[in-house]
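Biologist: I'd like to go through this one label by label. Can you tell me what backs up each term you use?

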Amino acid sequence: GLGYDPSGPIPVTANADGWEVRNNTITMEKGGTGILYRNGVNGLVNANSVKNDSEPNDYRGIFTEASTFIGVSNNTIFQENSAGLGTAYGVYSAGGQANTFQCNCIDNTNVGMLFFDMADFPNAVRGNNFNTHCTGLQIG
């Protein structure tokens with residue numbers, strides 16, 4: 001059958017671009033994850049609005065995991081009220097490398113941005129606005 005050999009090269013077309021997630025409005029009524037971007041390469045998460053209406057529930061506005069060369073920019077991530085009983089992250093990024101997080105606006109979460117990534121890309125985190133958090137930016 002058709003398939004790919006796991007010991008061979010990763011099958012990617014020349015000049016391939018990853019998923020572009022842009023211009024979405026997402027409202028979470030009981031917490032959860034607004035946008036989950038997993039295992040992406042050369043993608044973009046841009047100009048989305050992610051809102052959590054229920055601060056007692058755990059919430060992640062944008063969650064990137066195991067992704068490389070993605071850009072997370074110009075997004076608005078917030079809760080209706082100030083950080084509450086649930087654990088709320090505006091942007092949560094884990095296991096990625098060479099990603100950029102720029103010009104996002106994050107409001108009313110426990111942690112604005114949390115990174116468990118490789119610190120391997122100069123100027124990767126800049127131009128973001130953090131308003132009303134217990135911790136605005138957390139590394140590790």
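Modeller: Sure, and keep in mind that this is a predicted model.

Biologist: Then let's start with the sheet. How many bridges join strand 10 to strand 13?

Modeller: Two bridges join strand 10 (residues 100-102) to strand 13, and the two strands run parallel. Two strands pair if there are at least two bridges between them, so this counts as a pair. In strand 13, Arg126 stands opposite Gln102.

Biologist: What is the order of the open sheet?

Modeller: Five strands form it in the order 1-4-7-10-13, with parallel pairing. Strand 1 (20-22) and strand 13 (125-126) are the edge strands, as each pairs on one side only. For the protein as a whole, the secondary structure comes to zero helices and 15 strands.

Biologist: On to the rings. How many aromatic pairs are there?

Modeller: Four aromatic pairs.

Biologist: Why is the pair of Tyr89 and Tyr92 called edge-to-face?

Modeller: Their ring centres are 5.0 Å apart, and the planes stand at 80 degrees. Pairing needs centres within 6.5 Å and edge-to-face needs planes over 60 degrees apart, so both conditions are met.

Biologist: And what makes the pair of Tyr92 and Phe116 tilted?

Modeller: Here the values are 6.0 Å centre to centre and 55 degrees between the planes. Stacked is under 30 degrees and edge-to-face is over 60, so 55 degrees leaves tilted.

Biologist: Which parts of the chain does that pair tie together?

Modeller: Tyr92 lies in strand 9 (residues 88-94) and Phe116 in strand 12 (residues 111-116), so the pair links parts that are 24 residues apart in sequence. Phe63, Tyr89, Tyr92 and Phe116 form one aromatic cluster.

Biologist: Is Tyr92 buried or exposed, and how do you know?

Modeller: Buried: its relative accessible area is 17%, and the cut-off is under 20%. Tyr89 is buried too.

Biologist: What about Phe116, then: why is it called partly exposed?

Modeller: Phe116 has a relative accessible area of 42%. Buried would be under 20% and exposed over 50%, so 42% puts Phe116 in between.

Biologist: Which charged residue sits over the ring of Tyr92?

Modeller: Arg60, whose charged end is 5.6 Å from the ring centre of Tyr92. The distance limit is 6 Å, so 5.6 Å passes that part of the test. Arg60 also lies over the face of Phe63, at 4.1 Å from the ring centre.

Technical notes:
Residues numbered from 1 in each chain as written. Predicted model: local features only at pLDDT ≥ 70, side-chain atom pairs only at ≥ 80, totals over all residues. Heavy atoms only, no water. Buried < 20%, exposed > 50% of the residue type's maximum accessible area, 1.4 Å probe, protein only. Helix = DSSP H or I, 4+ residues; strand = E, 2+ residues; numbered from the N terminus. Lys NZ or Arg CZ within 6 Å of the ring centre and 35° of its normal.
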